[in-house]
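User: I'd like to understand how the labels for a structure get decided. Can we go through some of them together?

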Amino acid sequence: MTTVYFNHDGGVDDLISLFLLLQMEDVNLIGVSAIGADSYVEPATNASCKIINRFSSQKLNVAASKERGKNPFPKDWRMHAFFVDAMPMLNEDVEVNSTISEKEAYEDIIEKVMNSSEKVTMLFTGPLTDLAKSLKVEPRIESRIERVVWMGGTLLNKGNVEEPEHDGTAEWNAFWDPEAVKTVFDTQLPIDIVALESTNKVPLTPDVRKRWANERQYEGVDFLGICYALVPPLTHFVTNSTYFLWDVLTTAYVGKPELVKKESHKVSVITDGPSQGRTFKSDEGRMINIINDVDRDGFFDYMTDLAKKI
Ligand code: AGV
Ligand code: CA
């Protein structure tokens, strides 16, 4: 059994990750929080509560973050959480066990980690801001954390940021708050990053959508299909908006590690200037596991099978 705390930033794949985590038998999910990075924080938090109440009987209050990043996400992407939050499937009358927490995300992290009898795997599918803040406010959490699993970064020359005044070498979650990456890298925590090397291999494609359409008699698979109808697939070529299953791969790695391959490297992060958010190999860096390959078909089977459990 893996004890997991989940912090996400309200994208379609962040919210699907929450849905899938709730279906994993070997995962004990002890906390959830949302940050308004690649989303607005209110719909991200509300949609999270609705997903928990709709697809699980667990009581799990969701904490909202008040943190702000240095480099904001494009507004069009941030709107996705509003669309998920408004979905009829999430707005039927159901028993409400989980609500919005009174705590801020970083406070919730400290409380849940300090009170856990088992060491906690910190799953982050957005920027590392709330983890960095909780480590600064309460350094004792470090010894209670098993490891950090983060969707972020890349050692490739090309990241996925296409913004003015940037050279394109960074991944977005690192770019949003490069200082937070540095704070987490400066700890002794074991870190697994699910980098663009592996997530580039799991684009949303029309054939995956077709599969979910054909199996929509399962309510959970219908939920996947509807959510992924909100975002653009890879058709002829990759654009800035093309959607990949970044966070879902990261979450699947927690539930089924044998789906991926990894390497260890010494890595540093650039916190300023035109390459800010870039993660790169360096002798002065710290050891990190980079998840750089995935069994694509095994991954899509695993996530679709989890969705069928509903
Ligand atoms: O860089 C990937 C991260 C993931 O956590 N996010 C999306 C995932 O939730 C940012 C992002 C990069 N490209 C995007 C993103 C795109 N085309 N649309 C929405 N978000
Ligand atoms: Ca995300």
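Analyst: Sure, let's begin with helix α4, which spans residues 80-85 and contains F83. Helices here are DSSP runs of H or I with at least four residues, strands are E runs of at least two, and both are numbered from the N terminus. Keep in mind that this is a predicted model, where local features need pLDDT of at least 70 and side-chain atom pairs count only at pLDDT 80 or more, while totals for chains, interfaces and linings use all residues. Residues are numbered from 1 along each chain as its sequence is written, and side-chain values use heavy atoms, with hydrogens and water left out.

User: Why is F83 called partly exposed?

Analyst: Buried means under 20% relative accessible area, exposed means over 50%, and partly exposed is in between (1.4 Å probe, protein chains only). F83 has 41% relative accessibility, so F83 counts as partly exposed.

User: What makes the nonpolar surface patch?

Analyst: That's F82, F83 and L230, and the patch covers about 250 Å². Patch residues have over 30% relative accessible area and no salt bridge; nonpolar side chains (Val, Leu, Ile, Met, Phe, Trp, Tyr) are joined within 5 Å, like charges within 9 Å.

User: How do you know that D186 forms a salt bridge with K182?

Analyst: A salt bridge needs a side-chain nitrogen of Lys or Arg within 4 Å of a carboxyl oxygen of Asp or Glu. For D186 and K182, the closest N and O atoms are 2.8 Å apart, so the pair fits the definition. D186 is exposed because its relative accessibility is 51%, and K182, at 34%, is partly exposed.

User: Is D222 buried or exposed?

Analyst: Its relative accessible area is 17%, so D222 is buried. D222 forms a salt bridge with R216, with the closest N and O atoms 3.3 Å apart. R216 has 52%, so that residue is exposed.

User: What makes D305 and K308 a salt bridge?

Analyst: Their closest N and O atoms are 3.9 Å apart, so they make the cut-off too. Both sit in helix α13 (residues 296-308), 3 residues apart, about one turn of the helix. They also belong to a salt-bridge network with R211, E215 and D301.

User: Why is D305 called partly exposed?

Analyst: D305 comes out at 42% relative accessibility, so the label is partly exposed. K308 is partly exposed as well, because its relative accessible area is 23%.

User: How many salt bridges does a search of the whole structure find?

Analyst: The search finds 20 salt bridges.

Technical notes: Chains are lettered from A and ligands numbered from 1 in the order in which they are written. Accessible areas come from the Shrake-Rupley method with a 1.4 Å probe; for residues, only the protein chains shown count as cover.
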